[in-house]
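Trainee: Could you take me through this fold? I should like to begin with the strands and then turn to the interior.

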Amino acid sequence: SRFKFQLKPNEIVIGIVAVLRNSKRHDNFLRIAKQLKSDFPDKKFKFLIAGEGPMRSSIESFINKLSLNQDVIMLGHIENIPELMSCLDIFLFTADMHEGVPQVLMQALLMKIKTVSSNDGSTADLYNENNFLISDASFDSLYKNTKMLIDNLDDDLFLNNSREFIVNSFSKRIATNKILNIYKKLLKANA
């Protein structure tokens with residue numbers, strides 16, 4: 001997969017998968033990229049942005065403004081998200097506008113990808129004993145957690161059964177049973 005996306009073995013690959021709109025905060029993703037390059041000059045990074053949307057031209061302009069043209073790849077719409085995610089060393093979720101339960105975050109955790117996420121909407125529902133790093137959506141907080149992962153990239157500190165937790169808490173079977181139980185309670189209360 002890394003070959004398909006022209007990624008070198010020595011590169012630390014960090015990605016975001018999101019519609020290109022303001023609420024997804026690609027600006028913070030790119031500011032994190034810029035700061036990582038500054039703080040880790042001996043490391044090679046590649047930053048992947050998957051998605052399409054109304055903010056594409058402003059994101060491209062911001063990439064130019066930050067001089068990240070050689071470091072960021074705008075992939076556009078990607079059909080096979082698991083193939084892309086299998087290339088990532090770190091997944092970033094930077095949204096700040098009341099997400100539900102982000103499917104892309106669940107996908108990253110199912111694939112046991114080291115993840116940094118904003119605590120937006122219901123993302124905290126996916127958190128379980130250090131299965132990923134979660135903070136407020138500010139640049140400073142997200143950067144601090146991303147830097148911590150870079151400093152500990154070879155450790156498995158932040159995986160803690162992330163796949164098992166997601167499967168056991170959010171699978172179709174589990175979700176169906178939760179909905180059925182809600183209906184049963186409603187029917188019982190109205191009986």
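Mentor: One definition is needed beforehand: two strands pair if DSSP finds at least two bridges between them. Please also bear in mind that this is a predicted model.

Trainee: How many bridges join β4 to β5, then?

Mentor: Strand β4, residues 90-93, is joined to strand β5, residues 114-118, by four bridges, and the two run parallel.

Trainee: Which residue in β5 is the bridge partner of L92?

Mentor: The partner of L92 is V116.

Trainee: What is the order of the strands in the sheet?

Mentor: The sheet is open and has six strands in the order β3-β2-β1-β4-β5-β6, with parallel pairing. Its edge strands are β3 (72-76) and β6 (133-135), each of which pairs on one side only. From one strand to the next, the twist averages 20°.

Trainee: Which strands does helix α1 lie across?

Mentor: Helix α1, residues 26-39, lies across β1 (11-17), β2 (44-50), β3 and β4. Relative to β2, α1 runs at about 170°.

Trainee: Now the interior. Which residues touch the most other members of the largest nonpolar core?

Mentor: They are I14, L30, L36 and I49, in a core of 31 residues. Two or more residues come from each of β1, α1, β2, α2 (56-65), β3, β4 and α5 (139-151).

Trainee: What does L30 touch, leaving out residues up to four places away in sequence?

Mentor: On that basis, L30 touches I49, I59, F62, I63, L66, L68 and V72.

Trainee: And what lies apart from the largest core?

Mentor: Another core lies apart from it, with 25 residues, including V13, I81, L88 and V104.

Definitions and conventions
Residues are numbered from 1 along each chain as its sequence is written. This is a predicted model: local features need pLDDT of at least 70, side-chain atom pairs count only at pLDDT 80 or more; totals for chains, interfaces and linings use all residues. Side-chain values use heavy atoms; hydrogens and water are left out. Axes are lines fitted to C-alpha atoms, for helices over the stretch in contact, and angles run from 0 to 180 degrees between N-to-C directions. Contact means heavy atoms within 4.5 Å. A nonpolar core is a set of buried Ala, Val, Leu, Ile, Met, Phe, Trp, Tyr and Cys residues joined through side-chain atoms within 4.5 Å. Buried means under 20% relative accessible area, exposed over 50%, partly exposed in between (1.4 Å probe, protein chains only).
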